[in-house]
Each structure stands twice: as C-alpha cells, then as structure tokens.
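Let's take a walk through this protein and see how its parts fit together. Keep the model open beside you as you read.

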Amino acid sequence: MISFTTVNDLSAYIREIKPTKTIGFVPTMGALHQGHISLIKQSKKLCEITICSIFVNPTQFNNPSDLENYPRLLENDMKLLLENGCDVLFHPNVAQIYPDGLLKNEEDYGQVVRVFEGLHRPGHFDGVITVVASLFDIVKPNKSFFGQKDYQQCMVVAELIKRKFPQIELNICPILREESGLALSSRNLRLNETEKISALLIYKALNHIKVNYSPKDLRKLIEEAKQIIATSSLLSIEYLDIVNANNLEPIGNSITKVVALAAVHCGDVRLIDNILLN
Ligand code: AMP
C-alpha cells in the first residue's frame, strides 16, 4: 500500500495511473472497522485501484467536543487497510484540504440538508459537501463508495454528484452490524460495556418497526419504537421517524420506498442508524 499525505504527491500519482486504471474511492474519518472494510472490498471488486482517505473533517463537526473526542487510530487503520488489500491511503492534514481556511459550502442543497441530521447538526452537511467535493477533485475517482449507515449523507452526496461530478459513480453499500444488531461505528469505541448494551435497543426499535411495518399505523409504530428505546435511562432520542426514502418527506398516501431513521444519544455519544422497510 502506498501512503500519501500531500495533495501534490497524490495528484502526481493519480496523473500517472488515471489514463489506464479504474479508480475506486472510499472516503473515511478513520478508526476503521469492518463496515469501512466492506466498502474497501466492494471497491476492490469493481475497480483496479482502491484509494481510501482518512481525514477527520473539522467543518462537518458542529460540536467541538465531538471533534476533539473523535477516535484517531492511524497505525491500526493502516494495518487493517494493508491486510485488506487497499492500494492507496491518503491521510492529509487540515492545511492540505483547507489551504484557505475552514470555509464551507454555501450553495443551497434543498430540503435534504434541512431535515434530521441537517436540522440537528447545523452546517454538518455543508462540511460534508465541502470535503467530499475537495476529495473528489483530488482523487478523481471513477467510482465512489459510501455506506447506507449514513443514509442522509448518501442522498446529499448523490445530489453533489448530480450537480458537480456526474462522471463519478455512487455505490451505496449495506450497513454492517455486530451479531447483536448494533450498527458498526467508529463512535462505538467510546461506549462502555453498559452503554453498549443499551445501544442495542436502537436496532431493536428499528427492527420492531421493520417487522411490524404497515403504512397505516405509522404513529403507533413510531411510539412503540420510542418506548423500546426509553426502557434504558442511558438513551435519549434526538429523532426517530419513518419517511419517504427518496426525499425524506412524510409518506402521506404515496406508495414509495420507506426508511426508518434514528439518532439517539447514548451517554455522551451520538449514534445514528436506519433501516429500509420495504
Ligand atoms: P466515517 O468514517 O464514519 O465517515 O464513515 C466512512 C464511510 O463508511 C461512510 O460512507 C459510512 O457510511 C461508511 N460506514 C460507516 N459505518 C458503516 C457500517 N456499519 N456499515 C457500512 N458502512 C459504514
């Protein structure tokens, strides 16, 4: 595996390989787990060269302590990437990605950035849009790989690709979970054993919705799911809802793809999860 830390060095490498090789790109913030690795594996399946970036992007954190406490485990990450056949790692510092300071997207991305994560983490998606656009410009991939775990982020990236990078293919990969159902997340590292047991209730609640889903009883189902989460005093719900999976709007009477989305605080760790219902 080749490692790059500067845009210049990576760009020179890309110029060399780009004419002949299909490039797959997996952007991450590190503290890698098997969820990230599943994206690497999918990229390796579909592309000749797989590039993974590890960059904890300051502009997407609306909470300074969340940014400060975000796990950084570069050595372990490099080992995992190497073991799984990743070809290139790009791990720049902040100045490489933000040479002109921490500016972020000011373009209006519409409803999709205003609800759920966008509402509860103001400016979050502008940071995501900025960093993904900048990484796309640098890496120039043919295909990009994102996880359904960040469902709304996938929708925002789809819009970014539609507007600015129509040549890049978006591949959305399924959520990897522990056997218990807990969605793998770098933030799980910050949960103690008791918190981890409580966090299982998030999947239990979403799965309750999936198993009992009927478009008629949405309010009742949401209430029941919230009650499952409320059985632990360690959990507090930021949002839990069932919406149109294509635009995150209320379902109404339309026959459409439907998703249940949740953000729940477990102790001082904020966890998100989702499940497609049909
Ligand atoms: P992050 O490092 O949290 O920014 O995640 C980098 C990429 O890995 C994003 O596209 C995530 O959606 C994806 N990802 C994170 N957790 C999982 C998971 N449990 N299963 C599949 N993909 C994931």
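**Where two domains meet**

Start with a single pair: the side chains of Arg270 and Glu117 form a salt bridge, with N and O 2.9 Å apart. Keep in mind that you're looking at a predicted model.

Now zoom out. The protein splits into domain 1, covering 2-173, and domain 2, covering 186-276. Between the C-alpha centres of these two domains there's a distance of 26 Å. Where they touch, domain 1 puts in 23 residues and domain 2 puts in 21.

How much area is buried between domain 1 and domain 2? It comes to about 1900 Å², and carbon and sulfur atoms supply 56% of that. If you're wondering about the choice of yardstick, the size of an interface is often given as the accessible area lost when the parts come together.

Back to the charged and polar side of things. Between domain 1 and domain 2 you can count three salt bridges. There are also nine residue pairs in polar contact between the two domains, with both residues at pLDDT 80 or more.

So much for the pairs; which elements of domain 1 give two or more residues to the side that touches domain 2? They are helix 3 (64-69), helix 6 (117-120) and helix 8 (151-164). Helix 8 gives the most, with three residues. Sort the residues on that side of domain 1 by type and you get ten nonpolar, eight polar and five charged.

Definitions and conventions. Residues are numbered from 1 along each chain as its sequence is written. This is a predicted model: local features need pLDDT of at least 70, side-chain atom pairs count only at pLDDT 80 or more; totals for chains, interfaces and linings use all residues. Side-chain values use heavy atoms; hydrogens and water are left out. Domain bounds come from an automatic or database domain assignment. Contact means heavy atoms within 4.5 Å. Buried area is the accessible area (1.4 Å probe) that two parts lose on being put together, summed over both. A salt bridge is a side-chain nitrogen of Lys or Arg within 4 Å of a carboxyl oxygen of Asp or Glu. A polar contact is a pair of N or O atoms within 3.5 Å; within protein, one must be able to donate a hydrogen and the other to accept it, and residues adjacent in sequence count only if both atoms are side-chain atoms. Helices (H or I, at least four residues) and strands (E, at least two) are DSSP runs, numbered from the N terminus. Ala, Val, Leu, Ile, Met, Phe, Trp, Tyr, Cys and Pro count as nonpolar, Asp, Glu, Lys and Arg as charged, and the others, Gly among them, as polar.
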